[in-house]
Amino acid sequence: MIRIAVIGAGLIGRCHVEVIERVDGAEVACVVDPAPDTQTFAAERGLPWAASIAEMLTRLRPDGAIIATPNTLHVPNGMDCVAAGMPILIEKPIADDTTTAQRLIDQAATKAVPILVGHHRRHNPIISAARARIDSGALGAIVAAHAQCWFYKPDQYFATGWRKQKGAGPIFINLIHDIDLMRHLIGEVDSVHAFRSSVTRGHAVEDTAVVSLRFANGALGTVTVSDAIVAPWSWELTAAENPAYPATGQSCYLIGGTRGSLEIPTGTVWSQDDAPSWWKPIHHHADAVPSIDPLDAQIAHFCDVINGAAPLVSGAEGLASLKVIEAIHRSAETGMPVSLI
């Protein structure tokens, strides 16, 4: 059995505990969090508890650790684990800035400690199938893409104070998933132009943002995110990954090429039988894709990483997506395009 510690027992940390408990070959080594209620949570599940990483390393010594603490703690928590030679699965974003993220990656490389970044959607067969279709050339040359992430977070979500402060916000917490998938499916981003607004919620971080992307291969993209819109077009509400979210059957990504277009996550492909023309009928079909929980697949993969496999989403990949997010914030602050080249 691979023994995995969960550092941070908030919403996502407790989810990881549940996932580990149902994945074959893995078990929860301990829960690490100084909050008193987390000790109760661990006791109710019959799990060891530690108030700090230092205590965890002294008493329990797991095979690997998941870092599910607030964004600002990712790097210091990661450094502690890396110093101990412990493989880590670190929740996205890998850090709240690229400088400290690079420091963690460099230290991990020095210690030969693997980092898996928690961009769990890449583990979904829907994404694997979409990537295969694009790579096959079935859509032709990719011309444009659009990702939409609209949903409404209830007021109680913000009762946890850090979610209203710098380092949180839907760009960091939510949009980074969509940016990561746009990079994975379309290619590297070489420039962004963004606008953001906090007028609806009035928090210290944005509630809405609009971004234009230019990819290195010449494709263009648009991305919008808002946690203050009642709408059916977000990954959580379309992919049916998590039963906590009511599935809408819609798509939230559109990828368009010279031979066809693809809707994700429905997998619907739109194409024509011969030479493309807007006067000719457009046909559509959707291929069946097996349904699995990507969080389960991610934990199974993390076990493989602990045993020596290369991470599907490495620290460098997490850093590349964070660089785009950082550029989006910089562009939104200045109102000017930002180059990543």
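This tour moves from the whole chain to one sheet, then to the helices beside it, and ends at a single threonine.

Begin with the whole protein, keeping in mind that what is on screen is a predicted model. Its secondary structure comes to 10 helices and 15 strands. The radius of gyration is 20 Å, close to the 20 Å that the globule rule gives for 341 residues, so the protein is as compact as a globular protein of that length. If you draw a box along the principal axes, the C-alpha atoms fill roughly 70 × 45 × 40 Å. Colouring by burial would mark 51% of the 341 residues as buried, and among contacts with a separation of 6 or more, 66% are between residues 24 or more positions apart.

Next, select the open sheet of nine strands, whose order is β14-β13-β12-β11-β7-β10-β9-β8-β15, with mixed pairing. At its edges are β14 (283-286) and β15 (338-339), each of which pairs on one side only.

Within this sheet, zoom in on residues 260-264, which form β12, and residues 268-271, which form β13; these strands run antiparallel and are joined by three bridges. To find one specific pairing, pick leucine 262, whose bridge partner in β13 is valine 269. Staying in this region, add residues 125-136, helix α6, which packs on the sheet and touches β7 (142-150), β11 (253-257), β12, β13 and β14. The direction of helix α6 makes about 170° with that of β12.

Now select residues 169-186 to show helix α7, which lies across β7, β8 (189-197), β9 (208-215), β10 (220-226), β11 and β12. Helix α7 runs at about 155° to β7.

Move on to helix α10, residues 315-334. At 1.5 Å a residue, its 20 residues should span 28 Å, and the end C-alpha atoms are 28 Å apart, which agrees. Just after α10, select glycine 335, which takes a positive phi of about 80°.

Finally, centre the view on threonine 98, which lies in helix α5 (residues 98-111). Is this threonine 98 buried or exposed? Its relative accessibility is 13%, and because buried means under 20%, threonine 98 counts as buried. Leaving out residues up to four places away in sequence, threonine 98 touches Leu319, Leu322, Lys323 and Glu326. With side chains displayed, look for the polar contact of 2.7 Å between the side chain of threonine 98 and the side chain of glutamate 326.

Definitions and conventions:
Residues numbered from 1 in each chain as written. Heavy atoms only, no water. Pairing = 2+ DSSP bridges. Helix = DSSP H or I, 4+ residues; strand = E, 2+ residues; numbered from the N terminus. Contact = heavy atoms within 4.5 Å. Axes fitted to C-alpha atoms, helices over the stretch in contact; angles between N-to-C directions. Buried < 20%, exposed > 50% of the residue type's maximum accessible area, 1.4 Å probe, protein only. Polar contact = N/O pair within 3.5 Å; in protein donor to acceptor, adjacent residues only side chain to side chain. Expected span 1.5 Å × (residues − 1). Rg over C-alpha atoms; globule rule 2.2 N^0.38 Å.
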